[in-house]
Amino acid sequence: MCQAHRSPLHHAGLQSSRRHWMATAVAGGAAATWAGLAASRGHAARLSHENLSPKEALEQLYVGNRRFVAGDSLAPNRDIPRLREVAPRQAPFAAFLGCADSRVPIEIVFDQGFGDLFVTRIAGNVAATENIASLEFSTKVLGAKVLYVLGHTSCGAVAAAAKAEPVPGQISALFQHIRPAIRAAKGDPDAAVRENVKLQAQTLVEASTVISQLVAEGQVLVAGGVFDLTTGRVEPVALDDLVAKPK
């Protein structure tokens, strides 16, 4: 039968087939494009932190945070090959004493991945005995070059310590670690968070002969900052007295 005598249904079927083919092609092309971008991103998002000095290691943290704030996170070292790479042995370049707050995921904040950071977290980022022991291990045994105390804005533990009201369970056990910072801040809640970072960093160095020796020898750099829950930026807190002989 010639084309002139084909029914309208036949033409409708052809148009439907063409639309289906075009949709399939576009979808396939989009999938291929996204797959290519993902593969390219995954390939690019491999960062090495070997042979960094303590000062260079600290700068890598701030570079990662700047990427996060700008919306340019690489999400590096966060795939299965990287996990398998570090499975036999870990060698983090930085160790953290951070708050347990669910809004402060430290690897994401500093745009790092598997094996890059050794993280201890506790409400109020207080230097309790168990945390100090873990951080001694991270620096002395694993070789972390930076020991970072990270506080954050709107910290519930600091606010609770400032009120010093009766609370259930063992929560009040944290208050004794934070109250000196509250007094130093003279009632300013933002200043209290910063003072608490300073206080806990000082405690880490003074309560641990392991950490104090590493700092004195310039093998470890103690640093601190406050994570802003609104902007995502980490604002450094000056710890001049604890930054000894950085190499």
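# Exercises on a predicted model

Read along the sequence, the chain follows the pattern α-α-α-β-α-β-α-β-α-α-α-α-β-β. Here helices (H or I, at least four residues) and strands (E, at least two) are DSSP runs, numbered from the N terminus. Keep in mind that this is a predicted model, where local features need pLDDT of at least 70, side-chain atom pairs count only at pLDDT 80 or more, and totals for chains, interfaces and linings use all residues. Residues are numbered from 1 along each chain as its sequence is written, and side-chain values use heavy atoms, with hydrogens and water left out.

## Exercise 1: the sheet

Work out in which order the strands of the sheet lie, and which are the edge strands.

**Solution.**
- Start with the totals: the chain has 9 helices and 5 strands.
- Next, look at pairing (two strands pair if DSSP finds at least two bridges between them). β1 (residues 94-98) and β3 (residues 146-152) run parallel, joined by 5 bridges, with L97 opposite V149.
- On to β4 (residues 221-227): β3 pairs with β4 in the parallel sense over 7 bridges, and G151 stands opposite V226.
- Then β4 and β5 run antiparallel, with 4 bridges; G225 stands opposite P236 there.
- Put together, the 5 strands make an open sheet in the order β2-β1-β3-β4-β5, with mixed pairing.
- β2 and β5 are the edge strands, since each pairs on one side only.
- Neighbouring strands are turned by 25° against each other on average, direction ignored.

## Exercise 2: strand β3

Decide how many residues of β3 are buried, and find which ones sit on each side.

**Solution.**
- First the cut-offs: buried means under 20% relative accessible area, exposed over 50%, and partly exposed in between (1.4 Å probe, protein chains only).
- In a regular strand the side chains alternate between the two faces of the sheet.
- One side of β3 has V146, Y148, L150 and H152, the other has L147, V149 and G151, and all are buried.
- That is 7 of the 7 residues, so β3 is largely enclosed by the rest of the structure.
- Across the chain, buried residues make up 39% of the 247 residues.

## Exercise 3: helix α2

Check the length of α2 (residues 54-70) against what its 17 residues should span.

**Solution.**
- The expected span is 1.5 Å times one less than the number of residues.
- For α2 that gives 24 Å, and the end C-alpha atoms are 25 Å apart, which agrees.
- The buried residues of this helix include L58, L61 and Y62. What covers the buried residues of α2 includes β1, β3 and β4.
- Right after α2 comes G71, whose phi is positive, near 80°.

## Exercise 4: two packed helices

Describe how α5 (residues 129-141) and α9 (residues 209-216) pack.

**Solution.**
- Two packed helices are described by the angle between their axes and the distance between the axes.
- Axes are lines fitted to C-alpha atoms, for helices over the stretch in contact, and angles run from 0 to 180 degrees between N-to-C directions.
- For α5 and α9, the angle is about 40° and the axes are 9 Å apart.
- The contact (heavy atoms within 4.5 Å) is made by L135, E136, T139 and K140 of α5 and V210, I211 and L214 of α9.
- These residues divide into 4 nonpolar, 1 polar and 2 charged, where Ala, Val, Leu, Ile, Met, Phe, Trp, Tyr, Cys and Pro count as nonpolar, Asp, Glu, Lys and Arg as charged, and the others, Gly among them, as polar.
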